[in-house]
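Work through these exercises with the model open beside you. Each task is followed by a stepwise solution.

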Amino acid sequence: MKRKVIIAGNWKMHKTAQEGCTFVKDLAPLVEEQEVYIAPSFMAIKPLVDLKTPIVIGAQNMHDAVEGAYTGEVSAQMLKDVGAQFVILGHSERRHVFGESDELINRKIKRALEEGIQPIFCIGETLEEREQGRTHEVLKRQIDTGLAGVNLDTLILAYEPVWAIGTGKTATPEIAEEAHEFCRQYVGDRPILYGGSVKPDNAEALLAQPNIDGFLVGGASLSVETFSKIIEVNKKVIR
Ligand code: PGA
């Protein structure tokens, strides 16, 4: 059975609510059958949900506790309340800039699921780990711990090699497919997205790979022109 393709945009710390609304209004007419997700800043989630377009709106992070004295944090219940349908967890910037551990990410995934929010769980090796031949070991550890005790029914996995994120260095379709095939044994038929410098000109060859079920796009999701071209690729590729 062909798995559905998901094209997700991660806006990181870009776009105000107003800029986001303009973007989504421009993009929505270009989205037909495709599954298109956007993760804006927390501040823009409700305004984008309120536009009621077919684009699925979610968050880039959340806290793992139900509630409490956690100054500056946002809970799963708060995300749910404003209409967020998914949350990106374990992104390499959260792991490497904010020091998130596999155990913390596991708790966040469980909390999101308890609240009925779909997790996009990101994993990926650093350049050093790849060069040391440790890619599979790292991915296995991230999956084993991150998904311990997790019901996979609504999970989306995203393979994002750290060396390809925001660097302009995309994994070749062969390198990405090899990693996706490795991850497939752990998540069965759940979608596995590729992320790391996805652009309109490399999207087609990546999506043609049997185990690549879509993308998590950073930089190229910030312009309607480039993001819509990536969404279009989905129509052309026969997998
Ligand atoms: P990039 O980011 O497309 O800018 O490399 C991908 C991501 O961080 O999810």
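Ala, Val, Leu, Ile, Met, Phe, Trp, Tyr, Cys and Pro count as nonpolar, Asp, Glu, Lys and Arg as charged, and the others, Gly among them, as polar. This is a predicted model, where local features need pLDDT of at least 70 and side-chain atom pairs pLDDT 80 or more, while totals for chains, interfaces and linings use all residues. Residues are numbered from 1 along each chain as its sequence is written, and side-chain values use heavy atoms, without hydrogens and water.

**Exercise 1. Describe the ligand's shell.**

Step 1. List the neighbours (a heavy atom within 4 Å). The ligand is surrounded by 13 residues. K12, H91, E160, G166 and S197 are the closest.

Step 2. Sort the shell by class. It holds 4 nonpolar, 7 polar and 2 charged residues.

**Exercise 2. Find polar contacts of the ligand (pairs of N or O atoms within 3.5 Å).**

Step 1. Start with a side chain. An N or O atom of the H91 side chain is 2.6 Å from a ligand oxygen.

Step 2. Turn to the backbone. G166 places a backbone N or O atom 2.6 Å from an oxygen of the ligand. For S197, the backbone distance to a ligand oxygen is 2.7 Å.

Step 3. Check the cover. On its own, the ligand has 280 Å² of accessible area (Shrake-Rupley method, 1.4 Å probe), and the protein covers 96% of this area.

**Exercise 3. Which pocket does the ligand take up?**

Step 1. Set the terms. On a 1 Å grid over the protein atoms alone, a pocket is an open set of points where a 1.4 Å probe fits, with protein on both sides within 12 Å along at least five of seven lines; lining residues have an atom within 4 Å of a point. A molecule sits in a pocket if more than half of its atoms lie within 2 Å of its grid points.

Step 2. Place the ligand. Its space is the second largest pocket.

Step 3. Describe that pocket. Its volume (the space filled by probe spheres set on the points) is about 220 Å³. The lining has 21 residues, with K12, G166, S197, G218 and G219 closest to the centre. By class, the lining divides into 7 nonpolar, 11 polar and 3 charged residues.

Notes. Polar contact = N/O pair within 3.5 Å; in protein donor to acceptor, adjacent residues only side chain to side chain.
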